[in-house]
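Grab a pencil and open the viewer. Let's work through some exercises together, one step at a time.

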Amino acid sequence: MEVNCEGCAGCCMDWRSLLEGDSESTDANSGENGGEYGSGGDRDSGRRPRRRRDPIDGVDGDAPSRKPLDDDPNFVALTRDEVRAFLEAGMGDALTPRFWEARDESEGVEVDGHTVAAVAGRPAFFVGLRKPPKPVAPFGREEPTWLPSCVFLDPTTLQCRIHESDLFPDECGSYPAYNLALEQETECERVEAAVGGDRLLEADSDDTEGLLLGSQALGAKLFSHPRPADLAGIVGRAAAGELTRRDRAEAIAVAAASSPGTLAISDHHYGWAKARVLEGEGADSSAEREPWVGPAIRDWHRRHREGVGAVPPPDVADAVEVERGAPETPGWDALE
Ligand code: SF4
């Protein structure tokens with residue numbers, strides 16, 4: 001897929017506040033959603049006719065897509081095997097679940113005042129990557145702005161820290177091919193419409209290998225919690241953008257314990273995964289796999305909280321991420 005990503009990373013951050021002139025909206029883990037599985041909301045450029053894509057149904061159909069409880073416009077949904085790989089690498093802190101509002105009471109489960117979309121009476125969810133606030137200056141902007149940005153985005157180069165890694169998610173490696181194959185607008189087109197330039201250099205794709213839609217996704221990318229009562233408090237905090245590590249651990253453990261094509265949950269993998277998230281133990285010794293992620297996320301949130309109004313330069317990421325063990329990115333000159 002030919003795209004021009006230099007100076008962009010629009011698909012790795014929530015840049016809606018740049019359009020709205022509100023640079024202080026920085027928590028992607030709360031509120032409403034557009035994006036790959038969502039509505040696209042106020043960023044639609046109208047250049048590509050949109051087909052409905054829904055996390056549970058797949059594509060097409062007349063009913064609207066289900067609305068996520070969180071506010072991440074480009075949530076990266078991970079497969080069960082990818083969830084396990086992040087846990088094995090000691091990077092459970094990078095992960096977070098996504099739930100959806102059911103279309104109506106008959107298809108959902110009531111938790112914390114939300115009718116959560118469910119499969120066979122079990123609350124359904126994805127697991128994806130967190131977006132802490134980072135100081136970034138995309139699209140040729142002179143000054144950095146705090147924007148919710150993927151935990152793996154290097155704010156200095158706007159490149160992905162795990163691009164060459166075996167942890168690189170299939171959803172990221174396939175972007176925007178899946179959107180094009182499903183006739184959905186891409187983030188590249190939204191950026192072009194908003195700030196100009198040529199981002200999408202190839203407009204056609206029929207690559208849907210690995211997409212996992214509808215029933216194909218069950219247990220592989222779309223997970224379901226077998227004990228809805230255990231999500232009491234968690235669903236409410238997911239909607240409020242206030243998930244704790246223990247909250248995230250509950251959903252991530254179920255995802256890691258899931259079995260593709262079934263509703264089965266492995267008790268062994270559930271216990272292993274939950275301990276992995278809660279303890280962050282057992283990381284490999286290579287620099288790429290050191291558990292820098294959790295401390296870096298907490299540091300970004302602290303710096304944003306304490307420094308609202310004062311945005312540091314993006315290269316403060318050297319202190320926040322690289323010095324804790326994050327892999328460096330090559331920069332664009334090295335790729336030319
Ligand atoms: S993993 Fe990399 S490519 Fe994917 S959203 Fe994060 S920074 Fe972007």
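Below are six exercises on this predicted model, each with a worked solution.

**Exercise 1. Find out how many helices and strands the protein chain has, and what share of its residues is buried.**

Start with the secondary structure: the protein chain comes to 10 helices and 11 strands. Next, look at burial. Of the 336 residues in the protein chain, 49% are buried. Finally, check how contacts span the sequence: among contacts between residues at least 6 apart, 73% join residues at least 24 apart.

**Exercise 2. Work out where pLDDT stays under 50.**

Begin with the overall picture. The protein chain has a mean pLDDT of 85, and 84% of its residues reach 70 or more. Now go hunting for the weak spots. One stretch with pLDDT under 50 is residues 22-46, for which the model has 73 contacts beyond four places in sequence. Another is residues 281-289, with 15 such contacts in the model. How should you treat such stretches? Where pLDDT is low, don't read the predicted coordinates in detail.

**Exercise 3. Decide whether leucine 158 is buried or exposed, and describe its surroundings.**

First, locate it: leucine 158 is in the loop between strand E9 (153-154) and strand E10 (159-160). Second, count. Leucine 158 has 24 other C-beta atoms within 10 Å, and the cut-off for buried is 20 or more, so leucine 158 is buried.

Third, list the contacts. Skipping neighbours within four places in sequence, leucine 158 is in contact with Gly7, Cys8, Ala9, Val136, Pro138 and Leu153. Fourth, try a distance: leucine 158 and proline 314 sit 156 residues apart in sequence, yet their C-alpha atoms are 9.5 Å apart in space. Last, check the backbone. Leucine 158 has a phi near 60°, which is positive in a residue other than glycine.

**Exercise 4. Now do the burial count for phenylalanine 139, and look at its phi.**

Phenylalanine 139 lies in the loop between strand E7 (133-136) and strand E8 (145-148). Its phi is near 60°, a positive value in a residue that isn't glycine. For burial, phenylalanine 139 has 18 other C-beta atoms within 10 Å. Because that count falls between the cut-offs of 12 and 20, phenylalanine 139 is partly exposed.

While you're on loops, take a peek at proline 176, between helix H3 (170-173) and helix H4 (177-181). The peptide bond from tyrosine 175 to proline 176 is cis, with omega near 0°.

**Exercise 5. Trace how strand E5 pairs with E4 and with E6.**

Step one: strand E4 (residues 108-111) and strand E5 (residues 114-119) run antiparallel, paired over 4 bridges. Glycine 108 faces alanine 117, and valine 111 faces histidine 114. The hairpin of E4 and E5 has 2 residues between the strands, and aspartate 112 takes a positive phi near 55° there.

Step two: E5 also pairs with strand E6 (residues 122-129), again in the antiparallel sense, over 2 bridges. Alanine 118 stands opposite proline 123 here. In the hairpin of E5 and E6, with 2 residues between the strands, alanine 120 has a positive phi near 50°.

Step three: is E5 enclosed or open? Since 5 of its 6 residues are buried, E5 is largely enclosed by the rest of the structure.

**Exercise 6. Identify the residues of the largest nonpolar core that touch the most other members, then look around the ligand.**

The largest nonpolar core has 83 residues, and Val83, Val116, Val127, Val235 and Ile252 touch the most other members. Helix H7 (residues 245-256) gives this core its largest share, 7 residues. Zoom in on valine 127: leaving out residues up to four places away in sequence, valine 127 touches partners including Leu78, Val83, Phe223 and Ile252.

Now move to the ligand. Among the residues around the ligand are Cys12, Val76, Leu129, Phe152 and Cys172. Sort the shell by class and you get 10 nonpolar, no polar and no charged residues.

Conventions
Residues are numbered from 1 along each chain as its sequence is written. This is a predicted model: local features need pLDDT of at least 70, side-chain atom pairs count only at pLDDT 80 or more; totals for chains, interfaces and linings use all residues. Two residues are in contact if their C-beta atoms, placed from the backbone, lie within 7 Å. Two strands pair if DSSP finds at least two bridges between them. A residue is near a molecule or strand if its C-beta atom, placed from the backbone, lies within 6 Å of it. Ala, Val, Leu, Ile, Met, Phe, Trp, Tyr, Cys and Pro count as nonpolar, Asp, Glu, Lys and Arg as charged, and the others, Gly among them, as polar. pLDDT is the predictor's confidence in each residue, from 0 to 100. A nonpolar core is a set of buried Ala, Val, Leu, Ile, Met, Phe, Trp, Tyr and Cys residues joined through C-beta atoms within 7 Å.
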